Amino acid sequence: MTHSYVDGNALAGPLRELFAVEVTGAVLRCAGCHRTGPLAGLHVYARAPGLVARCPGCQAVMLRLVRTPTRVHLDLSGTLGFAVPLPA
Amino acid sequence: MTAVRSRLLWRVATLVDATAETASARTLAFDVPDWPGHLAGQHVDVRLTADDGYQAQRSYSLAAPADGDRVLLTVQRVSDGEVSPYLTDTIRPGDPVEVRGPVGGWFVWRPDGTAPVLLVAGGSGVVPLAAMVRARRAAGSRVPFRLVHSVRTPADRYYAAELAAPLDGVDVAYVYTRETPDGWPRPPGRIGVADVNTHGWPPDLAPECFVCGPTGFVEAVANMLVALGHDPRHIRTERFGPTGG
């Protein structure tokens with residue numbers, strides 16, 4: 001289905017449960033096509049048991065986040081780098 | 001804002017005031033004790049808990065810049081949504097919800113920005129962009145802004161009175177997709193490259209562009225901006241997609 005995704009801004013709340021800093025401005029490198037871009041620009045599919053974020057260039061899965069009542073599973077195997085800007 | 005903040009907490013927010021924005025959207029003012037402040041463009045997550053313990057949460061853009069413990073949201077009703085109908089139709093002043101935030105830090109405008117700003121909104125995507133217009137005024141910024149708001153009909157405009165008043169340095173233009181005011185020169189129709197070109201800034205000025213709306217709208221406008229010669233690095237987008245508000 002086209003346009004069934006939102007963007008990485010939707011990961012802001014769920015990832016702030018894990019990280020001490022805001023990460024939607026973090027720059028990620030796709031393991032599939034090596035494109036780099038902000039986490040906010042990923043295509044996020046939320047109609048799944050978790051959140052699945054895909055590369056806007058090649059559509060490879062870059063990040064998966066699944067929350068159960070007792071733990072959070074974060075799979076970054078599709079991401080080669082994760083550069084986080086620090087506040088000035 | 002300190003460099004390292006604590007992890008996010010859910011806080012209790014109490015509704016103080018609610019006003020109808022359109023037939024299907026409502027602006028809600030909440031009091032949130034010890035609210036840490038936020039930037040224009042950031043969101044909050046809102047969580048509702050049913051009597052049986054079932055929880056549903058959605059993310060909403062903040063509609064105004066930080067003002068002490070006061071947090072302003074404008075919520076569009078999604079007819080079969082789990083959260084938005086409660087916020088647009090049911091909640092009364094004094095009622096609590098849980099909120100956490102602010103979240104997001106990429107789709108934000110900072111009042112110390114110096115580049116001209118182009119804001120392009122589809123429908124309720126105007127909420128975070130109106131927060132930027134309001135933040136500009138609150139900060140006394142002189143940065144020139146242009147806002148292009150695509151709506152179905154004149155009755156679907158948000159903050160119509162506020163945005164209709166002459167705003168020093170802020171130009172507001174509307175694109176109507178279904179029905180126009182009487183005598184409107186442009187026939188109703190989807191936003192096109194001519195609208196973005198006429199009401200936007202030339203790429204030479206290197207404006208900061210913010211585009212917010214449904215996913216298809218955002219894709220289309222971002223592509224138009226790139227085709228007009230804007231640097232993709234200066235185009236920030238937020239798609240709210242067909243999520244079940």
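Here are a few questions and answers on helix 5 of chain B and the sheet beside it.

This is a predicted model, in which local features need pLDDT of at least 70, side-chain atom pairs count only at pLDDT 80 or more, and totals for chains, interfaces and linings use all residues. Residues are numbered from 1 along each chain as its sequence is written, with chains lettered from A and ligands numbered from 1 in the order in which they are written.

User: How far apart are the end C-alpha atoms of helix 5 of chain B, and why is that expected?
Analyst: Happy to work it through! Helices (H or I, at least four residues) and strands (E, at least two) are DSSP runs, numbered from the N terminus. The expected span is 1.5 Å times one less than the number of residues. Helix 5 has 13 residues (215–227), so it should span 18 Å, and the distance between its end C-alpha atoms agrees: 18 Å.

User: In what order do the five strands of the open sheet of chain B run?
Analyst: Strands pair if DSSP finds at least two bridges between them. The pairing here is parallel, and strand 9 (170–176) and strand 11 of chain B are the edges, each pairing on one side only. The order is 9-8-7-10-11.

User: Which residue of strand 8 of chain B is the bridge partner of B:Val117?
Analyst: Strand 7 and strand 8 of chain B pair in the parallel sense over six bridges. For B:Val117, the partner in strand 8 is B:Phe145.

User: Which residue with positive phi follows helix 5 of chain B?
Analyst: Look just past the helix. With a phi near 105 degrees, the residue that follows helix 5 of chain B is B:Gly229.
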